[in-house]
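Visitor: I am new here and would like a friendly tour. Could you show me the molecule before we talk?

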Amino acid sequence: MRRFYSHLPYYLVIFFFYWPLYELVLLVVSDPLTLKGLCINNLLFFTPLVILIISLLYSYRFRFSFWWLIGNGLLFCFTIITFGEFIWFYFLAYEIFALVGMASGIGIKHILQKMKNKKLSQNP
């Protein structure tokens with residue numbers, strides 16, 4: 001259970017961008033054009049960017065995990081509440097962003113570990 005709580009903040013950030021953000025925007029914005037623009041910007045720019053960054057941080061801290069990808073995919077189901085349908089294109093795009101973020105995080109961790117080991121081996 002302790003391990004679950006260490007992963008929970010990452011899932012909560014992703015969850016926020018899948019559903020509660022839309023509900024918050026609906027409460028705050030009353031202009032239909034602004035509302036549509038914010039929803040489109042969130043779908044196309046903000047959510048993929050957040051998924052990329054959070055996946056990078058997740059894989060840097062823990063490691064590559066299929067459970068992260070599965071959890072991210074399951075959280076995407078909350079968009080059914082918002083849009084009334086499951087959009088496959090966005091699901092696949094967000095999963096690809098999660099994969100790229102995880103690969104980047106693992107690569108950064110590997111490079112930093114290699115530099116750290118090299119620095120330690122040079123100092124007698």
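Visitor: Which helix holds phenylalanine 76?

Guide: Welcome! This is a predicted model, where local features need pLDDT of at least 70, side-chain atom pairs count only at pLDDT 80 or more, and totals for chains, interfaces and linings use all residues. Residues are numbered from 1 along each chain as its sequence is written, and side-chain values use heavy atoms, with hydrogens and water left out. Helices (H or I, at least four residues) and strands (E, at least two) are DSSP runs, numbered from the N terminus. By that numbering, phenylalanine 76 lies in residues 66-76, helix H4.

Visitor: Is phenylalanine 76 buried or exposed?

Guide: The word depends on relative accessible area: buried means under 20%, exposed over 50%, and partly exposed in between, using a 1.4 Å probe and protein chains only. Phenylalanine 76 has a relative accessible area of 2%, so the residue counts as buried.

Visitor: Which residues does phenylalanine 76 touch, not counting residues up to four places away in sequence?

Guide: Contact here means heavy atoms within 4.5 Å. One of the partners is isoleucine 87, which is 11 residues from phenylalanine 76 in sequence and 9.4 Å away in space, C-alpha to C-alpha. With residues up to four places away set aside, the residues touched by phenylalanine 76 are Tyr18, Phe86, Ile87, Tyr90, Phe91 and Tyr94.

Visitor: How are phenylalanine 86 and tryptophan 88 paired?

Guide: Rings of Phe, Tyr and Trp (its six-membered ring) pair if their centres lie within 6.5 Å; planes under 30 degrees apart count as stacked, over 60 as edge-to-face and the rest as tilted. A search of the whole structure finds 20 aromatic pairs. The rings of tyrosine 10 and tyrosine 58 are one of them, with centres 5.5 Å apart and planes at 85 degrees, so that pair is edge-to-face. For phenylalanine 86 and tryptophan 88, the centres are 4.9 Å apart and the planes 75 degrees, and the pair is edge-to-face.

Visitor: Which of the three words, buried, partly exposed or exposed, fits tryptophan 88?

Guide: Its partner, phenylalanine 86, has 23% relative accessibility and so counts as partly exposed. Tryptophan 88 has a relative accessible area of 57%, so the word for tryptophan 88 is exposed.

Visitor: Which residues do ring pairs link into a cluster?

Guide: Phenylalanine 86 and tryptophan 88, the edge-to-face pair we just met, both belong to this cluster. Through ring pairs, the linked residues are Tyr18, Phe76, Phe86, Trp88, Phe89, Tyr90, Phe91 and Tyr94.

Visitor: How many residues apart are tyrosine 10 and tyrosine 58?

Guide: Both of these tyrosines are buried. Tyrosine 10 sits in helix H1 (residues 2-18) and tyrosine 58 in helix H3 (residues 32-61), so the pair links distant parts of the chain. Their separation along the chain is 48 residues.

Visitor: Which residues is histidine 7 in contact with, leaving aside its neighbours within four places in sequence?

Guide: Histidine 7 lies in helix H1. Its relative accessibility is 8%, so histidine 7 counts as buried. Away from its sequence neighbours, histidine 7 is in contact with Tyr58 and Phe62.

Visitor: How many nonpolar residues does the contact of H1 with H2 have?

Guide: On the H1 side are Phe15, Phe16, Phe17 and Tyr18, which meet Pro20, Leu21, Tyr22 and Leu24 in H2. Ala, Val, Leu, Ile, Met, Phe, Trp, Tyr, Cys and Pro count as nonpolar, Asp, Glu, Lys and Arg as charged, and the others, Gly among them, as polar. The contact has no polar and no charged residues, and its nonpolar count is eight.

Visitor: Which helices do the buried residues of H2 pack against?

Guide: In H2, the residues Leu21, Tyr22 and Val25 are buried. The helices that the buried residues of H2 pack against are H1, H3 and H5 (79-83).
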